[in-house]
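Please examine the following model with attention to the places where protein and DNA meet. The paragraphs below take the two DNA strands in turn.

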2 protein chains.
Amino acid sequence: MFPVMKPMIPSDATSKALSNADSAREDLSLHDEILTRLRDHIVEGNIPDGSRVPERQLCEMLKISRTPLREALKVLASEGLVELLPNRGARVKQLSEHDLGELFDVMGGLEGLAGRLACERITDAEIAEIERLHYEMYGFYLHRDMHGYFHVNQLIHQKIVEASRNATLQSSYANLAGRIRRIRYSANFARKRERWGEAMREHETILDALRRRAGSELSDILFAHLRNKRTAAVEHLAAGAVAAPEPV
Amino acid sequence: MFPVMKPMIPSDATSKALSNADSAREDLSLHDEILTRLRDHIVEGNIPDGSRVPERQLCEMLKISRTPLREALKVLASEGLVELLPNRGARVKQLSEHDLGELFDVMGGLEGLAGRLACERITDAEIAEIERLHYEMYGFYLHRDMHGYFHVNQLIHQKIVEASRNATLQSSYANLAGRIRRIRYSANFARKRERWGEAMREHETILDALRRRAGSELSDILFAHLRNKRTAAVEHLAAGAVAAPEPV
DNA sequence: GCCCGATAAATCGAATGCAATATGGCCTAA
DNA sequence: TTAGGCCATATTGCATTCGATTTATCGGGC
């Protein structure tokens, strides 16, 4: 039944085929690899919401035995991506409206913090880069290019978080972002035209506060910005956008 | 080498007392137990900073085999309490000054967020309770009872975080708090008299903003408050307070 | 015909075993 | 005497195995 399943793998440690660049520079632990792959697999939505996570199947997919897989699942559970039911295995955690709202608020708090810290540390060059992105985004807005808009939008928020120069913050942020990304609202947030314009105006004030390095003010703006995103997202969820587990 | 290290704690599985409601309805998963025990063991400082964590030894201490222990270690690594060296086991993660500074900033951001959210949701009764604690703390301050002061201080901050009514925020906060608590500054933060008075004044403004439910303002105050704590803590660390791994 | 209980299969959680790697001590040589 | 290499031991990482619990299937009772 397991035709291949060669237990040997004779020194072919590279069979994992780390295509990732960050692993190239160092012998990035063999099994963080598994963790990353499994996390990506889930975040990308390859497993339906709330469904059982078949250990056996994933084992042969990843070419490993159950032990390291289960270790990875435990970690993902602690990250909030899956939940472990006693004696009933792991399920992909389904985010309720309430959960999503909480997540957005915490993201808002962290982005606000990032903005505050960024104002203390950001360089003129970094601000110039964000300005450039901002105008690029504005261009996409004018051309109603939603895809381009969202891409640059993500980039701007990312730049602000990076400018905080706080690795702890960045990893916490990445963790929460992963949980949200699983439900790929991103492409749907601002479907409503009026919300889009509002978001664009908010970004104007973000850039303005950043230029003036007004940390406290920027913190407020970013939190409010995420609050509005939250409202749009939760309304979107309530409208049943995620009812269908299959990709649209 | 671990002179005391009582491995017993006989069947006292309930000692963890997960205050969380979602776990109450069921017989709290068999091995979250292990995770909690191991985490407490490390947070309480029973293992020297940066020292190897011999799996074997912990196994017999916890009366389990290596498999669940290793799962727990992986989770603790993802929480940032330990670090896993490939083929060289787990070490208790040693926090640098820089790490500590980052942690305090993120804690400050989260507490600020908690304050902001609390202002939206807190009840008069909860505010009254915090007021009561505040005056109790003030009493300890006047009597120079540092122990009592810190206890109530912790309680106040905890109450604010709880009043945010955001479980995601609370768990993130608890995670970071755990990392810091490992270095038990808590009893040493405000050794300096002038800082103590300053902190007390800050708490006055916290309570004031909370009464007025001025979320944005409270957010600023709490962040600044933690920033000051941070400064005191990092200076304390720089003074070599943690050089000795043994409890003071 | 439908529901319920019992048995069989499958799955989960933990323990053990085995190969690979690191650690420490010892010996040899300069 | 000291530095460097080699071997024995211990420890890690993963696979496999074993017991326990759950889930599915089947037969009997109402």
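How far does a polar side-chain atom of Ser65(B) lie from a phosphate oxygen of DNA strand C? The separation is 2.6 Å, a polar contact, that is, a pair of N or O atoms within 3.5 Å; within protein, one must be able to donate a hydrogen and the other to accept it, and residues adjacent in sequence count only if both atoms are side-chain atoms.

This is a predicted model, in which local features need pLDDT of at least 70 and side-chain atom pairs count only at pLDDT 80 or more, whereas totals for chains, interfaces and linings use all residues. Residues are numbered from 1 along each chain as its sequence is written, chains are lettered from A and ligands numbered from 1 in the order in which they are written, and side-chain values use heavy atoms, with hydrogens and water left out.

Around DNA strand C there are 17 residues, a residue being near a strand if one of its heavy atoms lies within 4 Å of it. Those that come nearest are Arg66(A), Arg70(A), Leu30(B), Ser65(B) and Arg88(B). Two side chains reach the bases of this strand: an N or O atom of Arg66(A) is 2.9 Å from a base nitrogen, and an N or O atom of Thr67(B) is 2.9 Å from a base nitrogen. The elements that give two or more residues to the surface near DNA strand C are α3 of chain A and α3 of chain B, where helices (H or I, at least four residues) and strands (E, at least two) are DSSP runs numbered from the N terminus. The largest share, three residues, comes from α3(B). Of the strand C atoms within 4 Å of the protein, 69% belong to sugar or phosphate and the rest to bases.

DNA strand D has 19 residues around it, of which Leu30(A), Ser65(A), Arg88(A), Arg66(B) and Arg70(B) come nearest. In the side chain of Arg66(B), a polar atom lies 2.8 Å from a base nitrogen of strand D. Phosphate oxygens of this strand are approached by a polar side-chain atom of Arg70(B), at 2.5 Å, and by a polar backbone atom of Asn87(B), at 3.3 Å. Two or more residues each come from α1 (30-43) and α3 (66-79) of chain A and from β1 (52-53) and α3 (66-79) of chain B; α3(A) gives the most, with three residues. Sugar or phosphate accounts for 70% of the strand D atoms within 4 Å of the protein, and bases for the rest.
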